[in-house]
Amino acid sequence: MPHTLPDDFIRQMSGQLGSELEPFLASYEAPRTYGIRLQPHKVQAGSPLWEELAALFGLEPIPWCPTGYYYKEETRPGKHPYHAAGLYYLQEPSAMSSAELLAPLPGETVLDMAAAPGGKSTQLSAMIGPQGLLVANEIHPARAQILAENIERMGAANTIVVQSPPDRLAERFPCFFDKIMLDAPCSGEGMFRKDEAAQAEWSLEHVAMCAARQLDIFRHALTMLKPGGTIAYSTCTFNRKENEELVEAVLREYPALTVLRTERLWPHKVRGEGHFVAVLQLAGEEAEEPPQPQQQSRKSGKTGRQDKAASLPAQTAEAWRLFQEFADGTFAAKELLPPGEPLLFGEQLYWLPSGREGRFRSSLLTGLKSPRPGLHLAAIRKKRVEPAHALALAMPADAFRRTVSFPVSSPEAAAYLRGEVLDTPSGLADGWVPVCAGCQPLGWAKSAAGQLKNHYPKGLRSR
């Protein structure tokens, strides 16, 4: 029996599991499992790229997630250039279950209530597709920044990151979302095997405090759910107080809710650290088909978006015009951006997604902290466009008119990720160009005077 586990925890689990206690405790002595979840708009199952990743990392399917795989720890996929390109997200296998059970549909409007570090957010973003809208919320500033960085790395153009307490968020978005993910802050009993600090912080009093906080967050979440909508409540803890008993308390308070499904993943029964998920539906009729946003005339087919200049503030309109000129010379593909509108913060130009229903507008962000108000397009400085790192990662290589591509294991790809200047390939004209590893965009460089000036973000550079 693992002697480091708190005695109260062992007594708690003994009462809860009975004869299963011994195999449960033995699981804490077993080796950890490691999970990787592929970004489906960048890697399709069975493709040559998928075959390459499977061979590189020894992938084995995770039963409850069609894009999830176990990988061999020694392969270290987090150090590979494909990680920097956003082809996959490293995620604990059990944690992939809740988004799959919530099962948002393409085009739906979804909230991830406590979203950092971003595993579930990037999973949900991929599931709802370019016509959908995801609002990913995280109250803690440092964690919100990590969330924004992971959203950016995975190329999610349909996602807005906000930083708000649950009560203020509920005031802003009543009856707004089709689906809500509430991966609640919990006592973290499923973290004990990989995080000794979680053991040190645990106590029965901490469990009770977490349950009270979870109920309060749940109440605010429900005010934002549309009639007929569903919410997935999940934790990475094992006790009943934060799981079944919490759900029972919610049902007593909200008789309009119905439990559709509950699921327990136990570490002695599956290859994972364990997870609890309950999916509940709010009574009411769902809209048969969300209204489509009114079509407007287009003047720039290269970005695939309506010409909004006439209705934009003057500075935003000018920034958008400059970006469209840049896009005309940079992108070969059309329909690059999801439904939305340009948004200017100082020198920084973003594309704010509105969702298929067109309900999200820039006015909804007024007074709300947003570390990432949509897809970062560019910095506009003295009428010059400096494309954002996020823009390169959000686009496939074939969207660009030209790229510089190096083999994924080449010295040049490694040098680019270290921030080094590279030689310009023969025949490449001056100007901005995405640098690719194995045909996967990593970021931008600017070709001039026979050199590729490296614009890979300094905070991301490897050593």
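Colleague: In E11, which residue is the bridge partner of Tyr233?

Modeller: Bearing in mind that this is a predicted model, one can start from the pairing of E9 with E11, which run antiparallel and are joined by 6 bridges. Within E11, the residue that partners Tyr233 is Ala278.

Colleague: Is Ser234 buried or exposed?

Modeller: Ser234 has its place in strand E9, residues 225–235. Leaving aside neighbours within four places in sequence, its contacts include Ser98, Lys120, Met181, Asp183, His275 and Val277. Its relative accessible area is 0%, and since buried means under 20%, Ser234 counts as buried.

Colleague: What is the order of the strands in the open sheet of 8 strands, and which strands stand at its edges?

Modeller: The pairing in this open sheet is mixed, and the order of its 8 strands is E10-E11-E9-E8-E5-E6-E7-E14. Each edge strand has a single partner strand, so one side of each is left without a neighbour in the sheet, and these edge strands are E10 (257–265) and E14 (369–372).

Colleague: How many bridges join E5 to E6, and which residue in E6 is the bridge partner of Asp112?

Modeller: Strand E5, residues 109–112, and strand E6, residues 133–137, run parallel and are joined by 4 bridges. The partner that Asp112 finds in E6 is Ala136.

Colleague: In what sense do E10 and E11 pair, and which residue of E11 is the bridge partner of Thr258?

Modeller: Over 8 bridges, E10 and E11 pair in the antiparallel sense. As for E11 itself, 7 of its 8 residues are buried, so the strand is largely enclosed by the rest of the structure. The bridge partner of Thr258 in E11 is Gln281.

Colleague: At what angle do H10 and H11 pack, and what is the handedness of the crossing of H10 and H11?

Modeller: Helix H10 (residues 204–223) and helix H11 (residues 244–253) have their axes 10 Å apart and pack at an angle of about 45 degrees, and that makes H10 oblique to H11. The handedness of the crossing of H10 and H11 is right-handed.

Colleague: Which residues in H11 meet those in H10?

Modeller: On the side of H10, the residues taking part are Ala211, Gln214, Leu215, Phe218, Arg219 and Leu222, and in H11 they meet Leu246, Val250 and Glu253. Sorted by character, the residues of this contact of H10 with H11 divide into 6 nonpolar, 1 polar and 2 charged.

Colleague: Which residues does a cis peptide bond join, and what is omega there?

Modeller: One of the two residues, Pro117, has its place in the loop between E5 and helix H6 (119–128). The cis peptide bond joins Ala116 and Pro117, with omega at about 5 degrees.

Colleague: Is Lys383 buried or exposed?

Modeller: Lys383 has its place in the loop between strand E15 (375–381) and strand E16 (384–387), and its phi is near 65 degrees, a positive value in a residue other than glycine. Its relative accessible area is 60%, and because exposed means over 50%, Lys383 counts as exposed.

Colleague: What is the relative accessible area of Ala103?

Modeller: Ala103 lies in the loop between helix H5 (97–102) and E5, and although it is not a glycine, it has a positive phi of about 55 degrees. Ala103 is partly exposed, and its relative accessible area is 33%.

Methods:
Residues are numbered from 1 along each chain as its sequence is written. This is a predicted model: local features need pLDDT of at least 70, side-chain atom pairs count only at pLDDT 80 or more; totals for chains, interfaces and linings use all residues. Side-chain values use heavy atoms; hydrogens and water are left out. Axes are lines fitted to C-alpha atoms, for helices over the stretch in contact, and angles run from 0 to 180 degrees between N-to-C directions. Angles under 35 degrees count as roughly parallel, over 145 as roughly antiparallel, 65 to 115 as roughly perpendicular and the rest as oblique. A crossing is left-handed if the near helix is turned anticlockwise from the far one by less than a right angle, and right-handed if clockwise. Contact means heavy atoms within 4.5 Å. Ala, Val, Leu, Ile, Met, Phe, Trp, Tyr, Cys and Pro count as nonpolar, Asp, Glu, Lys and Arg as charged, and the others, Gly among them, as polar. Buried means under 20% relative accessible area, exposed over 50%, partly exposed in between (1.4 Å probe, protein chains only). Two strands pair if DSSP finds at least two bridges between them.
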